[in-house]
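Biologist: I am new to this protein and would love a close look at one part of it, the place that the database record marks for binding. Could you walk me through that part and then set it in its surroundings?

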Amino acid sequence: MSHELIPEGLWTGDYYNEGTGQSDIFDTLKEECGVFGVFGHPDAASLSYYGLHALQHRGEESAGICVADGEHFNYHRGMGLVKEVFDKDRLESLQGSMSIGHVRYSTSGDSGLTNAQPLVFKYREGNLAIATNGNIVNEPKLRRELEMEGSIFQTTSDTEVIAHLIARSPKDFVEAAKDALQRLVGGFAFLLMTNDKLLVASDPNGLRPLTLGRLGDAYIFTSETCALEVIGAEAIRDVAPGELLILDRNGLREERYTEPGRKALCAMEYIYFSRPDSDLNGSNLHSARKRMGSKMALESFIDADVVTGVPDSSISAAIGYAEQTGIPYELGLIKNKYTGRTFIQPSQELREQGVKMKLSAVRRVVEGKRVVMIDDSIVRGTTSRRIVNLLREAGAAEVHVRITSPPFKNPCFYGIDTPDRRELIASEKSIEEIRREINADSLSFLSPEGLISAIGGYDEHSPKGGLCMACFDNDYPTQIDFNGEEKMGCSC
């Protein structure tokens, strides 16, 4: 299909789901990536397939699986959804009892098969495959140093940096990996695999989620526990900040590559990213989001006729708000699940109307009603305005917006693809100005204290309950300034 026939901004790459970035109809935060690993199971590839399918919401652009049989690697990566990249014959060709897999989200500018993971390398000790979720803030500085020392990079992915650090070390694989991990600053969950070893590492602050599970005698590693449920595995524990797990023919060995820093698990995992059937640190996401909605009701009650949530991430919070207030919860907004992230329209004039291809207001539910619309966040404000206007067009008498997070004011350096600070509406405007911008009758955000209380129980001895809330309060748990060479967002 000729790209010349497609209005500018509606399709930004050669593949479906590729590089939608800011051109997507919805300006919601872009998902992080998802990783899944298996050690000690004869059907490692199939388990990875089902695990990645459960993590599909964390990345719709590309998928990949690499399998080791003790002597050789077999791997396949492709652009698109997991079910599009792999079929029965492809999975049967991936023989081995150890595997790592990856799903990647859409980003603008760095899309393409070259950056699809797991990345696979040849070095002096044989094969090396790496999959990661997150972002290395000091990656540009490390990359420049490595290039000055003679390294030649093949991708723009952060992940390649650690491969070069390992390859240039005179130490054995495990010790080289420890040294390499110590040089990284940021939020990351790494799976590193050779022909006979699997290493699993979490950043010193535990910014990115990573869980250890068991399936019989096999070990499973995943970004979210929902993937364990799919394959019938049992969740054992979260990989600790600064921890390095080493799996080989001798079994599992638990070590550290560095001392843990301030615990700071990404609060947006609770608010938005993770599936509601996943657990984080023993807390179920659906229950946590219901508590956020309940807290929102206690902080910012408004008399209304119906409560509705913006699908899908805000449904749980809307139920919590409704239960707390006694206002009926209704499905006032319906999401069309089959449009994908991007679609072709015949004219630019239809772009604003294109939102209706992804989301519809239920007229019989909202017409003539005072509606409380629950959403998880406001980024630029354009999505909120479109949804509020959808409800008004469907006849809503009033639309009161309640956001179950504090105002999103600061960019993320740890794996969320956020806009520049100047594009974040809450960093430039007051709550009243945002209310007018999105055309709502009233607008309230959940307080930071309310959010921490609603999540509850993660780590009462750590600041902010062990959460990273830098996107709300500008308090970053790591160094983020590297003399202009720092990297923000996600480039795994």
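Modeller: Happy to! One term will help before we begin: a strand here is a DSSP run of type E with at least two residues, and strands are numbered from the N terminus. Please also keep in mind that this is a predicted model.

Let's go to the site itself. UniProt, in an unreviewed entry, lists Cys266, Cys412, Cys468 and Cys471 under "binding site". These residues are spread over 206 residues of sequence, yet they cluster in space, with a largest C-alpha distance of 10.1 Å. The lining of the largest cavity includes Cys266, Cys412, Cys468 and Cys471.

Start with Cys266, which is found in strand β14, covering residues 265-266. Cys266 counts as buried because its relative accessibility is 7%, and the cut-off for buried is under 20%. Leaving aside residues up to four places away in sequence, Cys266 touches Glu32, Leu207, Arg208, Ile416 and Cys468. One of those contacts, Cys468, is itself on the "binding site" list.

Cys412 sits in another kind of setting: the loop between β21 (398-403) and α14 (425-428). At 8% relative accessibility, Cys412 is buried too. With cysteines clustered like this, you may wonder about disulfides. The structure holds zero of them. For Cys412, the nearest cysteine sulfur belongs to Cys266 and is 6.0 Å away. A disulfide needs the two sulfur atoms within 2.5 Å, so this pair does not qualify.

There is one more annotated cysteine to visit. The UniProt annotation "active site", again from an unreviewed entry, covers Cys33. Look for Cys33 in the segment before β1 (34-39). Its relative accessible area is 0%, so Cys33 is buried.

Now let's step away from the annotated cysteines to two other spots. In strand β3 (residues 73-79) you will find His76. This histidine counts as buried because its relative accessibility is 16%. A polar atom of the His76 side chain lies 3.3 Å from the backbone oxygen of Val85. Val85 is also among the residues that His76 touches, beyond those up to four places away in sequence; the others are Ala63, Gly64, Ile65, Phe86, Arg90 and Leu94.

The second spot is helix α6, residues 173-182, which is mostly covered, with seven of its ten residues buried. Those seven are Phe173, Val174, Ala176, Ala177, Lys178, Ala180 and Leu181. A helix of this kind has 3.6 residues a turn, so residues three or four places apart point the same way. At the N-terminal end, Asp172 caps α6: a side-chain oxygen of Asp172 lies 3.2 Å from the backbone nitrogen of Val174.

Finally, here is the whole protein around these parts. It has 17 helices and 23 strands. Of its 492 residues, 60% are buried. Among contacts with a separation of 6 or more, 70% join residues 24 or more positions apart. The protein exposes about 19,200 Å², and carbon and sulfur atoms supply 47% of that area.

To return to your request, the part to remember is the set of listed cysteines: they cluster in space although they are spread along the sequence, and Cys266 and Cys412, two of them, are buried.

Definitions and conventions
Residues numbered from 1 in each chain as written. Predicted model: local features only at pLDDT ≥ 70, side-chain atom pairs only at ≥ 80, totals over all residues. Heavy atoms only, no water. Buried < 20%, exposed > 50% of the residue type's maximum accessible area, 1.4 Å probe, protein only. Helix = DSSP H or I, 4+ residues; strand = E, 2+ residues; numbered from the N terminus. Contact = heavy atoms within 4.5 Å. Areas by Shrake-Rupley, 256 points an atom, 1.4 Å probe, with all protein chains shown as cover. UniProt positions renumbered as here; feature names shortened; annotations may be inferred. 1 Å grid on protein atoms, 1.4 Å probe; cavity = no way out; pocket = protein on both sides within 12 Å on 5 of 7 lines; lining within 4 Å. Polar contact = N/O pair within 3.5 Å; in protein donor to acceptor, adjacent residues only side chain to side chain.
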